[in-house]
Structure formats: C-alpha cells, structure tokens
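Biologist: Could you take a close look at one part of this predicted model for me? I would love a walk through how its helices pack.

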Amino acid sequence: MTSRIPRDSRLRLVRPRPLAAAPRAVNQRRPRRPAPRPPEGTPAPAELARTARTRLAGPVRVARWADAALGPGSDAATTDGKATLSAATAERAAAELGLSASQVRADWDTARLAGLVEVHGDSARPGWRLRAWNRDDSAVLRGWVALFDAWSLAHPEPEGHEPAAVAEVVSAMPQVLSLLQLSAGPVPVEQLLDLLQQRVTELRTERCEVPYGPATERLAGSPSPAEPAPVADAPLAPLLDWALRALASVGALTYGDGQATLTPLGSWAVWVKLEQICVAAQSPAGNIEQSAEDMLRGCAQLRPNAARAEYRAWLAARPVGSAVTELLDAARGEDALLRGLAFEALRVVGAPAEPDVRAVVDEPALRPYALLWLAEHDGVDAEDAHEALTREEATWLWVDTAAAVADHGEAPMLVRHLESAVQPTVPQLLDEVRAVGHPRTVQVLVALAAAHPDPALAKAVRRAAFQVHTGG
C-alpha cells in the first residue's frame with residue numbers, strides 16, 4: 001500500500017557540480033581539429049621554456065626568497081605586519097641577494113605579472129607556477145605568456161599623453177605584433193608606425209569620433225558643451241617607441257637601429273594568440289566576434305575543455321578589463337545558465353579579474369558565485385570551496401542552478417540536482433528554498449514537481465510552489 005504522506009527522503013551530500021561540467025549532448029560534439037603546428041623555425045617547447053627560465057631567473061629568485069623569508073610560520077615578517085614587499089623588505093632582500101633595492105622591486109613586480117607571486121589583499125604567497133617552475137615547461141611558458149600579455153604594465157608609459165591615446169595604442173598593438181610575426185624578420189619602425197596610425201584611425205572611426213579643428217569645423221559652429229570632447233590627435237611615434245621598449249623589456253622583441261624583430265619567444269606567443277583567435281572564429285557561432293552573452297550561449301553546448309578553449313580565445317581578442325566587465329554584465333542577466341558560465345570564463349581570466357569579482361560580492365544574484373570564485377582563487381580546493389558559503393547562500397545557489405537546468409537541461413538532470421542540496425531532507429530543503437527568496441523559486445519547484453517520478457514527493461513540491469506563489 002502506498003502512503004500519501006510525503007516521505008522524509010534523505011539527500012546524499014555531494015559537492016554541487018558546476019553547471020558547465022554537466023554532460024552535454026554527445027552528438028553535438030564538433031569534430032576534432034588537427035593540432036596546429038607552429039611556423040617553421042619555431043624552437044621546440046623545451047627550448048622556449050629554457051629561454052623563458054633564463055629571462056625570468058631574477059623574478060624567480062626574488063619570489064623564492066620571499067617564499068622562504070615571508071612565508072607562513074616565518075619570523076621574518078615585515079615591519080607593518082604584512083607579507084608584502086615593503087620598502088624595508090626590499091632593502092633586506094637586496095642585502096641578502098646582492099642586488100639593489102630598485103632591482104628587487106622590479107623583479108618583484110615582474111614576478112607578480114608572471115604569476116610567480118600571487119598577492120591577496122595584504123598577503124602574498126607563491127603562485128603554482130613557482131612550485132612547478134623546475135619540472136613543468138608548460139607552467140614556465142604560461143608564466144611568460146602572462147608577462148607578455150601584461151607588457152603595458154611592465155614598463156612605465158611616457159608622461160604627458162592622454163590616457164585615451166595610450167589605451168588606443170595598447171588596443172592597436174596586436175596588429176603591429178601580427179605584422180612582425182608574419183614578416184619573420186626585422187621591420188622598420190616607420191612601417192610599424194604607418195600600421196599603428198591606420199589602426200588607431202580605424203578605432204576612432206568605429207567610435208564615430210570626428211576630430212574638431214580649423215579644417216573640420218561644424219556647420220553649426222563650435223561643438224556643444226554637452227557633447228563629449230573627442231580624443232585629441234597626438235603624435236603616435238613616442239607611444240610606439242614606448243610600446244616597443246616595453247615589449248623588449250619582457251623579451252618579446254629586440255628593438256634598435258630603427259627596426260624591431262620578434263624574438264623566438266615573442267613569435268611563438270603571437271602565433272599562439274592568433275591560433276586561439278582562429279580556433280574561435282571557426283566555431284559554429286563565430287564566438288570570437290560575439291558579445292559576452294552570445295559567446296557564453298555559444299559555449300553552452302560544449303564540453304568543459306572545449307568551452308575553456310573558447311573562453312581563452314575570446315579573452316585573447318579583448319583587453320582584460322573590458323572583457324571582465326562584459327562577463328559580469330552577462331552574469332547579471334536573468335539567465336542563470338549564463339551566470340554560471342560567466343564565472344567559469346572568469347576562472348580562465350584568473351588574477352586580473354579579482355578586483356572586479358570582489359566588487360560584486362554585495363550583489364545578491366552574484367554573491368554565491370563570487371564567493372566560490374574567490375575561495376578557489378585564494379587556494380581553497382575546488383571540492384571544499386562551497387564551505388565559503390552560508391547555508392542561505394548555498395540554498396540560493398541551488399535554486400539558481402536549478403533554474404538553469406529547468407531552462408536548458410532535461411528532466412532527469414533536474415531530479416539529479418536534488419542530490420547537490422546542502423539540506424539532508426526534502427522537507428528541510430523546501431522550507432529553506434521558500435525562505436531564501438529567489439525570484440525563480442516557483443518556476444523551479446513546479447518544474448521539479450513535474451519531473452520527479454515519486455508522486456508523494458512531487459505533491460509536496462507542488463504544495464510548496466503553491467505556498468510561495470500565494471505568499472503562504
């Protein structure tokens with residue numbers, strides 16, 4: 001005889017799986033693209049890694065000194081009680097390493113840009129790349145590519161230039177680097193300057209900027225004070241000189257005698273970036289040219305590894321700051337699936353996204369995702385990151401993920417999602433789901449009731465949905 005009393009079904013406590021890791025339709029897999037080969041003459045990865053190790057020997061030395069001198073349990077704390085490189089610490093490191101304090105600071109900054117050192121608030125710790133430095137060539141190359149990506153931070157920009165003009169040059173440099181890579185040899189600076197000017201003009205045209213001046217007076221006279229002033233034309237030669245010197249400082253090219261040449265490391269890095277863009281451009285949705293929201297939708301049907309490759313390619317084609325802003329804006333939308341995928345993409349971004357992720361912790365819809373991201377970024381094992389959430393936050397995340405499954409998944413997946421709840425029983429889950437106030441609670445409970453094969457449990461879930469709907 002079947003009881004009509006709702007059963008106190010025990011839920012198995014398991015870690016919630018990221019939605020992006022849920023199984024996708026196998027028949028939607030794209031055929032494997034043959035592994036691309038770098039241009040002829042590119043050194044083997046092991047040789048490139050040796051070059052990168054030599055390039056970063058100074059930053060590695062300073063990072064290891066900091067690990068030993070400032071690590072947990074050390075009695076060599078800095079005078080201000082922070083494990084960061086203060087002036088006193090720089091002087092001490094200089095004395096112990098036989099360097100100048102300025103060289104120590106420069107190597108420290110490079111170590112941070114290369115991910116050898118990770119700074120979290122008021123503390124610093126060795127990055128995973130430092131731990132794997134001697135045994136993992138891929139970690140070394142990733143560290144150098146991270147430094148290459150941050151070239152504009154590695155060398156002070158010239159004074160007296162508008163920030164907008166500097167930003168335009170930074171945005172245009174990928175085309176300059178592509179020309180250097182395709183030339184496979186020295187390129188005159190005059191030729192690079194011509195290309196830079198063309199690209200900056202294109203960027204301004206895309207923004208519909210029309211310079212004001214004697215030759216281009218408006219029909220109605222001077223521009224209205226309410227209209228934004230356009231970026232003033234500025235000589236680009238000094239900014240190109242700065243960019244080439246900055247890239248030379250990270251080892252991407254050699255610069256002198258009126259010409260520039262990519263180093264083997266620089267040529268390989270530019271090829272990697274171009275290849276990432278080509279991979280994304282060949283995807284069915286053409287994700288490389290899409291907005292963050294459309295890119296995430298295009299990745300929703302991909303397996304996790306393929307999705308991460310798409311994220312990397314999409315990010316490689318954009319300045320990090322604007323890409324992070326786009327991803328967070330997509331996460332603020334009504335589609336819970338995009339919320340989860342946006343934070344998966346932010347995991348690919350890594351450390352540069354930390355300030356923006358911390359800034360959204362107080363937004364209720366993003367808070368659980370941001371707390372999980374920050375916990376994993378701070379070194380907490382992914383299996384334990386959920387401990388950073390309160391019971392209420394974990395319940396809110398459970399409902400949000402259930403909404404994504406209800407909108408984009410299948411009924412059996414929604415039923416299996418019950419197993420990821422932190423509550424040990426169904427009645428407790430329903431009580432806390434009702435209390436958490438997620439805007440999709442009613443729809444989630446109705447969908448779960450329709451999908452669950454147990455009639456008694458489905459009836460209890462429908463009753464809870466009705467009570468939420470009526471405010472009971």
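Modeller: Happy to! A word on terms: an axis here is a line fitted to C-alpha atoms, for helices over the stretch in contact, and angles run from 0 to 180 degrees between N-to-C directions. With that in hand, take helix α1 (residues 45–55) and helix α6 (residues 137–149), whose axes come within 9 Å and cross at roughly 55 degrees. Because of that angle, α1 counts as oblique to α6. The crossing of α1 past α6 is left-handed. On the α1 side, the contact is made by P45, A46, L48, A49, A52 and R53, and α6 answers with D137, V140, L141 and W144. Sorted by class, this α1–α6 contact has 8 nonpolar and 2 charged residues, with no polar ones.

Helix α6 also leads us to helix α10 (residues 237–249), since α6 is among the elements that cover the buried residues of α10. Those buried residues are L239, L240, W242, A243, L244, A246 and L247. Besides α6, the cover includes α7 (151–154), α8 (163–183) and α9 (189–206), together with the strands β4 (253–256) and β5 (259–262). As for its length, α10 has 13 residues and reaches 18 Å from its first C-alpha to its last, close to the 18 Å expected at 1.5 Å a residue. Just after α10, G251 takes a positive phi of about 90 degrees.

Terms used. Residues numbered from 1 in each chain as written. Predicted model: local features only at pLDDT ≥ 70, side-chain atom pairs only at ≥ 80, totals over all residues. Heavy atoms only, no water. Helix = DSSP H or I, 4+ residues; strand = E, 2+ residues; numbered from the N terminus. Parallel < 35°, antiparallel > 145°, perpendicular 65-115°, else oblique. Left-handed = near helix turned anticlockwise from the far one by under 90°. Contact = heavy atoms within 4.5 Å. Nonpolar A, V, L, I, M, F, W, Y, C, P; charged D, E, K, R; others polar. Expected span 1.5 Å × (residues − 1). Buried < 20%, exposed > 50% of the residue type's maximum accessible area, 1.4 Å probe, protein only.
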